Amino acid sequence: MLWPVDVLVEGPTDAVLASRLLGACALGVGTVYPRKGCGYVKRMLPKLSAGVTFSPLFVLLDFMDAGATCPPEAIQGLCPERQANLLLRLVVRELESWILADREGIAAYLGVALKYVPDDPERLDDPKRTLINVARRAKRASIREAMVPRPGYSASVGPEYVAYLTKFIRNHWDIDKACVRAPSLQRCVVRLRELHQRLEAG
């Protein structure tokens, strides 16, 4: 039996990533709340935290959006009275950091040399921009056109950025390899496994 865990995240890509993480830790996906950005996550977190005794809740939020100087401060400010079945984890610094942490996987997926993928993604000032710049080096024009913003347009990402990233997360992202270069991801996986053990123990 896969214990269902509700999911509260910022966007659709985060929801896919959360699903992969839950599955890797022998947990199922319960209710996925509307993915309406960091403001929605912050507003809903206090409202949903009261019900986690009956339905565990997994919350992912980019540290860049948390409005704090360090992750512990952010977690304390967002949810000062956390229950055991509420798992609030901050992605340092944002979701693309965890994607880039699987260097071999993302390099192969985009068709770029491994040397162009940074070795310490959690220290990047702007992981999303870094990932887009890596995609600029893709040999296939279709990847560049999908992920890189078009000249003259105000969009910060390419027209199929989310679709390409979602496909990578679902089918290619190696969580174990990513954990090696993303300590916040490794801590998240540890906490999810602990949650599974608590649920199994009853």
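Trainee: How much area does the protein expose, and what share do carbon and sulfur atoms supply?
Mentor: In this predicted model, the protein exposes about 10,100 Å². Carbon and sulfur atoms supply 50% of that area.

Trainee: And what percentage of the residues count as buried?
Mentor: Of the 202 residues, 50% count as buried.

Trainee: How many helices and strands are there?
Mentor: The protein has 10 helices and 4 strands. Along the sequence they follow the pattern β-α-β-α-β-α-β-α-α-α-α-α-α-α.

Trainee: Why is the protein described as being as compact as a globular protein of that length?
Mentor: The radius of gyration is 17 Å, close to the 17 Å that the globule rule gives for 202 residues, so the protein is as compact as a globular protein of that length. Its C-alpha atoms fill a box of roughly 50 × 30 × 25 Å along the principal axes.

Trainee: Let us turn to helix α5. Is it largely enclosed or not?
Mentor: Helix α5 spans residues 103-110, and 6 of its 8 residues are buried, so it is largely enclosed by the rest of the structure.

Trainee: Which residues of α5 are buried?
Mentor: They are Arg103, Gly105, Ile106, Ala107, Tyr109 and Leu110.

Trainee: What covers them?
Mentor: The cover includes α4 (95-100), α6 (127-135), α7 (141-147), α8 (161-171) and α9 (175-181).

Trainee: Which residue just after α5 takes a positive phi?
Mentor: That residue is Gly111, with a phi of about 75 degrees.

Trainee: A last topic: how many positive and negative side chains are there?
Mentor: There are 28 positive and 22 negative side chains. The centres of the two sets lie 4 Å apart.

Key: Residues are numbered from 1 along each chain as its sequence is written. This is a predicted model: local features need pLDDT of at least 70, side-chain atom pairs count only at pLDDT 80 or more; totals for chains, interfaces and linings use all residues. Side-chain values use heavy atoms; hydrogens and water are left out. Helices (H or I, at least four residues) and strands (E, at least two) are DSSP runs, numbered from the N terminus. The radius of gyration is taken over C-alpha atoms; the globule rule is 2.2 Å times the number of residues to the power 0.38. Buried means under 20% relative accessible area, exposed over 50%, partly exposed in between (1.4 Å probe, protein chains only). Accessible areas come from the Shrake-Rupley method with a 1.4 Å probe; for residues, only the protein chains shown count as cover. Lys and Arg count as positive and Asp and Glu as negative; His and the chain ends are not counted. The place of a charge is taken as NZ of Lys, CZ of Arg, CG of Asp or CD of Glu. Contact means heavy atoms within 4.5 Å.
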